[in-house]
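Okay, thanks for having me, everyone. Let me put the structure up, and then I'll walk you through the sheet and the ligand site.

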Amino acid sequence: MLLHLDASARRNSFSRLLSAEYADAWRAAHPGAGYVYRDLAARPVPHIGEAWTELCDHILEHEITDPARYPEAARTPARRAAWAIVEPLLAEVVAADVVLIGTPMYNYSIPSSLKAWLDQITFPKMSLAGRSFVVTGARGGAYGPGSPREPYDHEERYLRDFLKGHFQVEDVTFVHAELVNARLDPALAHLRERHEESLAAALAQVRAQAREEAASEEAAS
Ligand SMILES: Cc1cc2nc3c(=O)[nH]c(=O)nc-3n(C[C@H](O)[C@H](O)[C@H](O)COP(=O)(O)O)c2cc1C
């Protein structure tokens, strides 16, 4: 199953363009497989509240590592209400083979819409090992290897560290369209061509990535 998330506040968005391209190619290669789509910007998930932290504390204290046992923690009306928000989000990510995240860089990091989703679905000592994550991103500037802004990329760095460090997910691919601001900012007009190249390369990469995954799954089956 492919779980496809988008997080850009814009509808006409490059991270959405890239994630849609990946999803189309993946779905064409996996005609029978499930597909779930969530627009985290248009239909935001709420921030976690106090009852959510009580669920989390119970799970930690009782050493519950299997998400199937999390409902045991929903022991009060407030916790049951918190669990009712978590349950479908968690079920989707647990059922996914591939989690596709279309996300902009906002203020050197991920948008709060995506962070709210991550906060909802993350519990102590929870593993998502075995799943693949594909992140299609768009950013106004350039943060690639060797660029002056590379150290400021807390978007890819954060997602990579968190997925590996907390969820033991090793298979994470990032594809970025860079220098998007060159389309708008007259001071960056000279970088427009580099932006177009970055976008074309990102589109080619997402299509190739989806085809590659389909081929390696076929070889394994
Ligand atoms: C709230 C906000 C914050 C942004 N912060 C950054 C930033 O820190 N670095 C950057 O390179 N671009 C930044 N940008 C530019 C976006 O990353 C760029 O417009 C990108 O294309 C957004 O993705 P989208 O096309 O999927 O909406 C920001 C844009 C917005 C709206």
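So, a word on pairing: two strands pair if DSSP finds at least two bridges between them. Strands here are DSSP runs of E, at least two residues, and helices are runs of H or I, at least four, all numbered from the N terminus. Keep in mind it's a predicted model, where local features need pLDDT of at least 70 and side-chain atom pairs count only at pLDDT 80 or more, while totals for chains, interfaces and linings use all residues. Residue numbers start from 1 along each chain as its sequence is written.

Right, the sheet. It's open, with 5 strands in the order β2-β1-β3-β4-β5, and the pairing is parallel. At the edges sit β2 (35–39) and β5 (172–177), each pairing on one side only.

Now look at β4, residues 132–138: 6 bridges tie it to β5, and the two run parallel. Val-135 stands opposite Phe-174 in β5. Then helix α6, residues 192–220, lies across β4 and β5, at about 155° to β5. That angle is between N-to-C directions, on a 0 to 180 degrees scale, with axes fitted to C-alpha atoms, for helices over the stretch in contact, and contact means C-beta atoms, placed from the backbone, within 7 Å.

On to the ligand. What surrounds it? There are 17 residues, the closest being Ser-13, Ser-15, Pro-104, Gly-140 and Gly-141; the cut-off is a C-beta, placed from the backbone, within 6 Å. Helix α1 (residues 14–29) gives the most to that shell, with 3 residues.

Terms used. Contact = placed C-beta atoms within 7 Å.
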